[in-house]
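Trainee: I would like to go through how some helices and strands are arranged here. Please show me the model.

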Amino acid sequence: MQIRLYTTMDRDVREFHPIDPNDVRIYSCGPTVYDVAHIGNMRSFLSMDLLQRVLRTVGGYKVRWVMNITDIDDKTIDGSRVGSARWLPAMGTQTGDVRENLRAFTTYYEDVFRQDITTLGIQPSDFYAMPRATDFIAPMMDLIKDIVAAGFGYVSDGSVYFNVNAYRKHYTYGRLFTIDVEHFREGVRIDADEYDRESVSDFVLWKGRKEGEPSWDLEIDGVPLPGRPGWHIECSAMSKELLGLPFDIHTGGVDLRFPHHEDEIAQCCAGYHVQEQANYWMHNEFLEIEGKKMSKSLGNFFTLRDLLDREYDPLDIRFAMIGSHYRALFNFTIDGLAASVKARERVQDYIYDLADVMAASVITEHRPSVHSLRTSVFAELADDLHTPKALAALFSFMNDHKAVTLSASDAEIVLGVLQELNNVFAVWSFGPRPAVVVPDDVTTLAEQRWAARAEKNWAESDRLRDAINALGWSMMDGKTSYTLEKL
RNA sequence: GGUCCCGUGGUAGAGUGGCUAUACAGAGCUCUGCAAAAGCUCGUACAUCGGUUCAAAUCCGGUCGGGACCUCCA
């Protein structure tokens, strides 16, 4: 099915046409591993997962998905510093080698990150690579040298900067974001470090070494420049190394449009001499909590682990987040999560019911409309990953095609589509209905109640039901048998 | 200061000129000893003011309110 995607480059939805249909290349800006990622980060990664799953399942493409791990920046350096309060015993013992310390610190949080996204149903096997920035220092150095050699970079006080004004004479700077370079607002936070730039619009490619910080030995025109990479350079270099330029889709949070992605493009154009780094640029909106921006000061700052501690099923969190459109602000609320639990469960029950119907349906009439499910739901996913509409289509179908009204073969058809759909949503189970393990005391009470009912002893029957409820179970009477369900 | 986005039913959230979104919650009915589950049915929403139009939640303008970004926050 033809996929349509919104690209920030055009501020519009466009048909997606890959450079090579057998190798759709996606680069996603991943986490900076300085701490446990919060659920806002998680939404971002789930949006990217949704994209690649839709491309595979609905588009029928083969996908090469790269997500970087940023393991060198101010925060990771600070956290790994000798004597850092953020150093945990699980990270091992600090050594005199600051680069080793950095690696131990970031490896710890990288592992946490991998566990978290796996918990949320993102499959590690779907990644082609998750490169760490510090493993690609050499290509970054080469790119920086090429940018300087091309006349778009300069050395100043031990650091290397990108010359935006020189770049703007040959290229457009501000393709993803309308930038008024001439009038950067006074008073907004400017790079905290006191580096010497020629112009406030310039950005750093390579930061000169500071005492006690990890560094690598760059040399330009015979001048040694020990230091470490700037923020933007890693994505330019790694995307080129692992995917080649241009590739198909670049993704990240809305906040990365500028400056990060804009600068990535500038670096690629200036140093690799390409016209485009990527053909489509997709940015997911932020998440807020109970209608407020998530922040530590408001006390509404959650990690995935915080929610799991409250005994929420990670698949419900996945379903809630994936069920909203990635380009709309997502209001994460506890009530909303509870609604998601119910909605997901309803589909799950439908799936179990279909399996039952397949085994024992007495209906023989074929309903041609069962074939509409795949078309209607997939069409919505193909339209810029419109999961809210896809789910609406699914529920509408379920309302019109109750499991008990289907023939065995129709149930099989529907079940097949749902299974395929689950390649995108990945929140439902297609195995047998899980057996309910009922504690003995509950079973005993249930048997007693069933006997009381047979004798039409309603008072005793109601008393026993209350007793069962008190143990956290609910008893439902059928015609010939009863079922027990945990409350 | 600049650039841009958004205000829809109890809640979340689609819809960009005329046709039931959908989900959760809620109400009624059927079924049931009573329930539960299930099935059926239901709500008549679109910040506000004005304009365009046969027709506006949808287009245009004003007002009010909220939000994002503007050099390392996904």
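The questions below cover one sheet and two helix pairs.

Mentor: This is a predicted model, where local features need pLDDT of at least 70, side-chain atom pairs count only at pLDDT 80 or more, and totals for chains, interfaces and linings use all residues. Residues are numbered from 1 along each chain as its sequence is written, chains are lettered from A and ligands numbered from 1 in the order in which they are written, and side-chain values use heavy atoms, with hydrogens and water left out.

Trainee: Which strands stand at the edges of the open sheet?

Mentor: Strands here are DSSP runs (E, at least two residues), helices are DSSP runs (H or I, at least four), and both are numbered from the N terminus. Two strands pair if DSSP finds at least two bridges between them. The sheet has 5 strands in the order S6-S7-S8-S10-S9, with antiparallel pairing. A strand with a single partner has one side left without a neighbour in the sheet, so the edges are S6 (153-156) and S9 (216-220).

Trainee: Which residue in S7 is the bridge partner of Tyr-154?

Mentor: S6 pairs with S7 (residues 159-162) in the antiparallel sense, over 4 bridges. In S7, the partner of Tyr-154 is Tyr-161.

Trainee: How is H11 oriented relative to H12?

Mentor: Two packed helices are described by the angle between their axes and the distance between the axes. Axes are lines fitted to C-alpha atoms, for helices over the stretch in contact, and angles run from 0 to 180 degrees between N-to-C directions. H11 (residues 372-382) and H12 (residues 387-400) pack at about 165 degrees with axes 7 Å apart. That makes the pair roughly antiparallel (under 35 degrees is roughly parallel, over 145 roughly antiparallel, 65 to 115 roughly perpendicular, the rest oblique).

Trainee: How many nonpolar residues are in the contact of H11 with H12?

Mentor: Contact means heavy atoms within 4.5 Å. Among the residues that meet are Leu-373 and Val-377 in H11, and Ala-393 and Phe-397 in H12. Ala, Val, Leu, Ile, Met, Phe, Trp, Tyr, Cys and Pro count as nonpolar, Asp, Glu, Lys and Arg as charged, and the others, Gly among them, as polar. The contact has 3 polar, 2 charged and, as asked, nonpolar residues numbering 7.

Trainee: What is the orientation of H10 and H12 to each other?

Mentor: The axes of H10 (residues 334-360) and H12 come within 12 Å and cross at roughly 45 degrees. H10 and H12 are therefore oblique.
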